[in-house]
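Student: I would like a close look at one part of this model. Please pick a single helix and show me how it sits against the rest of the chain.

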Amino acid sequence: MHLLVALDDSEPGWAALEFACREHPDDEVTVVHAVDPTNSSYGEAAHLGPEVLLERQQEASQELLAAAEDRAADEGCAIETETVVGQPSDAVVDYAVENEVDRIIVGSHGRTGFSRVLLGSVAERIARQAPVPVTIVR
């Protein structure tokens with residue numbers, strides 16, 4: 001089985017990775033982090049420029065995914081990692097379709113203050129759009 005863990009730097013995101021490693025130790029696990037260059041303050045984008053902003057987001061993604069590899073190794077789990085660019089829920093679902101993923105595992109809400117009380121908007125959109133089962137971890 002090929003699992004996709006959608007990871008952001010949040011407690012539910014890390015819980016999703018730990019769940020995948022614990023519950024699916026023998027399955028193929030790909031950890032995906034989405035960077036969205038359109039999700040920045042206007043001042044930040046105007047000051048840095050879109051190319052520099054995207055480059056910084058991709059560097060931060062590489063650091064996050066390296067930390068994911070370390071955490072997975074601590075759990076005895078081997079993972080692949082991938083950075084995708086775009087609106088997070090769309091980019092995750094597109095990656096799942098293009099890479100024959102069998103299940104998506106996502107944290108219940110991310111790090112933005114605008115997440116819904118019980119279920120983050122990205123997790124909700126992934127669950128609604130995904131053509132495969134989605135496990136939401138708190």
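Tutor: We start with the whole chain, then go to one helix, its cover and the cores.

Keep in mind that this is a predicted model. The chain has 5 helices and 5 strands. Read from the N terminus, the order is β-α-β-α-α-β-α-β-α-β. There are 138 residues, and 42% of them count as buried. The chain exposes about 7700 Å². Carbon and sulfur atoms supply 47% of that area. Now look at contacts between residues at least 6 apart in sequence. Of these, 75% join residues at least 24 apart.

Now the helix. Take helix 5, residues 121–129. Which of its residues are buried? They are Ala123, Glu124 and Ile126. These three cover an arc of only 160° around the axis, so they lie on the same side of helix 5. A general point about helices helps here. An α-helix has 3.6 residues a turn, so residues three or four places apart point the same way.

What covers the buried residues of helix 5? The cover includes strand 1 (2–6) and helix 4 (88–98). It also includes strand 4 (103–107) and strand 5 (134–137).

Look at the three strands in that cover. Strand 1 pairs with strand 4 in the parallel sense, over 4 bridges. Leu3 stands opposite Arg103 of strand 4. Strand 4 also pairs with strand 5, again in the parallel sense and over 4 bridges. There, Val106 has Ile136 in strand 5 as its bridge partner. Strand 4 is mostly covered, with 4 of its 5 residues buried.

Helix 4 is in the cover too. Follow the chain from helix 4 to strand 4, and the loop between them holds Glu100. Glu100 has a positive phi of about 50°, although it is not a glycine. Is Glu100 buried or exposed? Its relative accessible area is 66%, and the cut-off for exposed is over 50%, so Glu100 is exposed. Compare Glu124 in helix 5, which is buried.

Next, the cores. The largest nonpolar core has 19 residues. Val5, Leu17, Val31, Ala68, Ile79 and Ile105 touch the most other members. Strand 1, helix 1 (11–23), strand 2 (28–35) and helix 3 (50–74) each give two or more residues to this core. Helix 1 gives the largest share, 6 residues. Take Leu17 as an example. Leave aside its neighbours within four places in sequence. Leu17 is then in contact with Val5, Val31, Ala68, Arg71 and Ile79. Apart from the largest core lies another core, of 17 residues. Among its members are Val32, Val92, Val106 and Ala130. Val106 is the residue you met above as the partner of Ile136.

One last check concerns the cysteines. How many disulfides does the structure hold? The number is 0. Cys21 is buried, with a relative accessible area of 3%. Cys77 is buried as well, at 7%. The cut-off for buried is under 20%, so Cys21 at 3% falls inside it.

To go back to your helix: Ala123, Glu124 and Ile126 are its buried residues. Strand 1, helix 4, strand 4 and strand 5 are among the elements that cover them. Find helix 5 in the structure, then trace each of these elements in turn.

How values were computed:
Residues numbered from 1 in each chain as written. Predicted model: local features only at pLDDT ≥ 70, side-chain atom pairs only at ≥ 80, totals over all residues. Heavy atoms only, no water. Disulfide = S-S within 2.5 Å. Buried < 20%, exposed > 50% of the residue type's maximum accessible area, 1.4 Å probe, protein only. Arc of directions from axis to C-beta. Contact = heavy atoms within 4.5 Å. Areas by Shrake-Rupley, 256 points an atom, 1.4 Å probe, with all protein chains shown as cover. Pairing = 2+ DSSP bridges. Core = buried A, V, L, I, M, F, W, Y, C linked by side-chain atoms within 4.5 Å.
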